[in-house]
Amino acid sequence: MEVNGTNLLLKYRKTIMGVAAILIYVGHVWEYMFGKVPIISFVEYFVKMTGFVGVDFFLFLSGIGLFFAIQKYEVFDFYKRRLRRVYIPFVITAFAMLMINRWTWSEFFGNISGWNFLFKNIYTLLWFVPAIMIFYMIFPLYYKGFQAANNKYLFTGLIFVVWLLLSILLSNMMREDLYGFTNRIPVFTIGVLFGWLIQQQKLVFTKFAWILCVVAWILGIYLAFKTTFQGCFLLVPTSNCCIPNLLIATSGSFLLAKIFYFVDMRTGTLGRWSLRILEFFGMISLEFYCVQEWIGGIILNKLRGHHRAITINAAVFIGVLASTLVLYAICKLLERMFQKEK
């Protein structure tokens, strides 16, 4: 395999998703453990407060993946495969919460249909799932426009400009929580552009390209600090989940792939096992996301104030992982049942 950034990204895509899944998990349910250790405590605090950047990693990689996937299937099969993979664990989780949390049926259907996401608050239930489903639904249409465009860079730039103008013009009318969704449109569309660049073999990773990735990542970290911790306004409302995360996710995906290649080639069995573990979390990332706030929140409420942070983190992780594996097994069983019915 040629050691190029694009090849490495495709090779370690699941592993990068594993890192993204863990970042989101830390942001949701991690208890601070290093409060008295100056530098480490700041890193811990920074990672927890900016862990939602994991969403942007997923959307960037999804844009790349969808570009290739839509060329393999008819539109109906494309929708069926995408929605079945995302919707099954989402509905199972929602149904379990309906039973245990005693939701009304109105709450249940409002959540699984996306109605509450669009018209009440995106954070009513697992907001990433309705968000990615909207991206899936509009992607075939977007792909047609993208493919028809003579200049893919200009097309993507125009989409970015339209998004920016609408984001600014609607700032007094649109619910602020919706910006947590719409601010991710640029990173997804850039993922689609990168999918095309990879397919056309237009990306050549010279030393300058890697330096540019490092600079973009550092700038993203700096802007994440400014927007998240100092309230700096950057182009649009909810600025901390827009430009900073776009820079971190795009550059960080390639940098992580390069790091993983080094670990794979230079660190022996222990390094390879660490990559397999991250890849495993990438494989179960959706189910891991579906249960972590719910199950993790239950465990946190029972243990917080009675045990040390290290004990709480261990218990939450074990409980969430066990629940994830159960949900993953159920989803795989249902998928096999659907396949047999064909």
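In this predicted model, Arg102 sits in the loop that runs between H5 and helix H6 (105-113). What stands out here is the backbone: Arg102 has a positive phi of about 55 degrees, even though it isn't a glycine. As a rule, most residues other than glycine have a negative phi. Arg102 counts as exposed, because its relative accessibility is 74% and the cut-off for that label is over 50%.

Leu126 makes a nice companion case. Its phi is near 45 degrees, again a positive value in a residue other than glycine. Leu126 is also found in a loop, this one between helix H7 (115-119) and helix H8 (128-148). With a relative accessible area of 10%, though, Leu126 is buried, since anything under 20% gets that label.

Leu126 turns up again among the contacts of Thr93. Thr93 belongs to helix H5 (residues 75-100), and at 3% relative accessibility Thr93 counts as buried. Setting aside the neighbours within four places in sequence, Thr93 is in contact with Leu126, Cys290, Trp294 and Leu327.

One of those partners, Cys290, brings up the cysteines. A disulfide is a covalent bond between the sulfur atoms of two cysteines. How many disulfides does the structure hold? The count is zero. For Cys290, the closest cysteine sulfur is in Cys331, 7.6 Å away, which is too far for a bond; the cut-off for a disulfide is 2.5 Å. Cys290 is buried too, with 2% relative accessibility. The story is similar for Cys213: the closest cysteine sulfur, in Cys242, lies 19 Å from the sulfur of Cys213, so a bond is ruled out by distance. Cys213 counts as buried as well, at 10% relative accessibility.

Next comes Phe160, a residue of helix H9 (residues 152-169). Is Phe160 buried, partly exposed or exposed? At 27% relative accessibility, Phe160 counts as partly exposed. Leaving out residues up to four places away in sequence, Phe160 touches Pro186 and Ile243. Phe160 and Pro186 are 26 residues apart along the chain, yet their C-alpha atoms are separated by 6.1 Å.

Ile243, the other partner of Phe160, is where helix H13 (residues 243-266) begins. This helix packs against helix H14 (residues 268-283) at an angle of about 140 degrees, and the two axes are 7 Å apart. That angle makes H13 oblique to H14, because it doesn't get over the 145 degrees needed to count as roughly antiparallel. On the H13 side, the residues that meet H14 are Phe260, Val263, Asp264 and Arg266. Facing them from H14 are Gly268, Gly271, Arg272, Ser274, Leu275, Arg276 and Leu278. Sorted by class, this contact has four nonpolar, three polar and four charged residues.

Stepping back to the whole protein, its secondary structure comes to 16 helices and zero strands. Along the principal axes, the C-alpha trace spans about 60 × 50 × 50 Å. A compact globule of 342 residues would have a radius of gyration near 20 Å, and the protein's own 20 Å agrees with that. Of the 342 residues, 50% count as buried. Sequence separation is worth a look as well: among contacts between residues at least 6 apart in sequence, 77% join residues at least 24 apart.

Notes:
Residues numbered from 1 in each chain as written. Predicted model: local features only at pLDDT ≥ 70, side-chain atom pairs only at ≥ 80, totals over all residues. Heavy atoms only, no water. Axes fitted to C-alpha atoms, helices over the stretch in contact; angles between N-to-C directions. Helix = DSSP H or I, 4+ residues; strand = E, 2+ residues; numbered from the N terminus. Parallel < 35°, antiparallel > 145°, perpendicular 65-115°, else oblique. Contact = heavy atoms within 4.5 Å. Nonpolar A, V, L, I, M, F, W, Y, C, P; charged D, E, K, R; others polar. Buried < 20%, exposed > 50% of the residue type's maximum accessible area, 1.4 Å probe, protein only. Rg over C-alpha atoms; globule rule 2.2 N^0.38 Å.
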